[in-house]
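Q: Could you walk me through this one? I'd like to start with empty space inside, then move on to the rings.

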Amino acid sequence: MANYMLEANDVIRQFKQYDSVITAVDRCSLKVEDGEFVAIIGASGSGKSTLLHVLAGLDRPQGGSVYIRGQNITAMSPDELGVFRGNYLGIVFQKHNLIPQLTALENILIPTVMCDKKDHTFQEHLKKLILALKIGNRLSHLPSELSGGQQQRVAIARALINRPQVLFADEPTGNLDRKNADEVLELLLELKKMIGQTLIMVTHDMSIADKADKIYMMDNGKLFLYKDKQGYYKTSYELEMKAALESERAKPLE
């Protein structure tokens, strides 16, 4: 397990809906190496965000396991998981989830307070983040006084302030226009290189996914390797879906 930064095995996440059970994540497995950028793409409702939340420890699966840094986070207690996430994981959401009553700087520093970090352990890193994200003149502003792109930059700084080894990003550019989306993506990749972290991102934007080392496709709760450094895997996702479609067409009419 320790050979990979993240390893998920046969993860299942189900939800009850009235009298039926919806399988949002259906026995998904993946392995992510240290420093990799992995993108997960798929249509709305395919289960990609649910999978990301399970991988990040925000949601618990009904089956399977998730190992990060060789530790089984699915077996941790809520308190253990909270400490682990605070020390090793960062999360950026599509909606910035900033606390409206706090300034940009106070929002950024929330993780350091929760993990009881001493000032000297993060002040130099904070300066680098502020400079890289170009938010130095917005730190005293409330979220309502910031543009959408500025709010997302603050959210990224908050996710990175504790120097996480793995950054999870759930549609981080989904609410931004093209210009801001491109800028935020470039910043994420620059900061990834600066910190030397692993990046796992859910996105619907293929132009963003194409910058990843690996692309996984999520379809109806199932996960398929779609592309890696060698190229696209037509033998996995595309051929499997084609075979399923041909099988449906071959069924006799009732």
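A: Before any volume is given, a term needs fixing: a cavity here is a set of grid points where a 1.4 Å probe fits but cannot get out, and its volume is the space filled by probe spheres set on the points. Please keep in mind that this is a predicted model.

Q: OK, how many cavities of 30 Å³ or more are there?
A: The count comes to one cavity of 30 Å³ or more, and about 40 Å³ of space lies in the largest cavity.

Q: Which residues line the largest cavity?
A: Its lining is made up of Val-54, Gly-57, Asp-59, Arg-60, Pro-61, Ile-73, Thr-74 and Leu-81; sorted by class, that lining has four nonpolar, two polar and two charged residues.

Q: Switching to the rings, what does a search for aromatic pairs find?
A: Searching the whole structure gives one aromatic pair. Phe-84 and Tyr-88 form that pair, which is tilted, with 5.0 Å centre to centre and 50 degrees between the planes.

Q: Where do Phe-84 and Tyr-88 sit relative to each other in the chain?
A: Both belong to helix H2, residues 78-88, and because they are four residues apart there, about one helical turn separates them.

Q: And is Phe-84 buried or exposed? What about Tyr-88?
A: Phe-84 counts as buried because its relative accessibility is 4%, under the 20% cut-off, whereas Tyr-88, with a relative accessible area of 25%, is partly exposed.

Q: What sits over the ring of Tyr-88?
A: The charged end of Arg-69 does, at 4.0 Å from the centre of the Tyr-88 ring, so Tyr-88 takes part both in this contact and in the tilted pair with Phe-84.

Notes: Residues are numbered from 1 along each chain as its sequence is written. This is a predicted model: local features need pLDDT of at least 70, side-chain atom pairs count only at pLDDT 80 or more; totals for chains, interfaces and linings use all residues. Side-chain values use heavy atoms; hydrogens and water are left out. Rings of Phe, Tyr and Trp (its six-membered ring) pair if their centres lie within 6.5 Å; planes under 30 degrees apart count as stacked, over 60 as edge-to-face and the rest as tilted. Helices (H or I, at least four residues) and strands (E, at least two) are DSSP runs, numbered from the N terminus. Buried means under 20% relative accessible area, exposed over 50%, partly exposed in between (1.4 Å probe, protein chains only). A charge sits over a ring if NZ of Lys or CZ of Arg is within 6 Å of the ring centre and within 35 degrees of the ring normal. On a 1 Å grid over the protein atoms alone, a cavity is a set of points where a 1.4 Å probe fits but cannot get out, and a pocket is an open set with protein on both sides within 12 Å along at least five of seven lines; lining residues have an atom within 4 Å of a point. Ala, Val, Leu, Ile, Met, Phe, Trp, Tyr, Cys and Pro count as nonpolar, Asp, Glu, Lys and Arg as charged, and the others, Gly among them, as polar.
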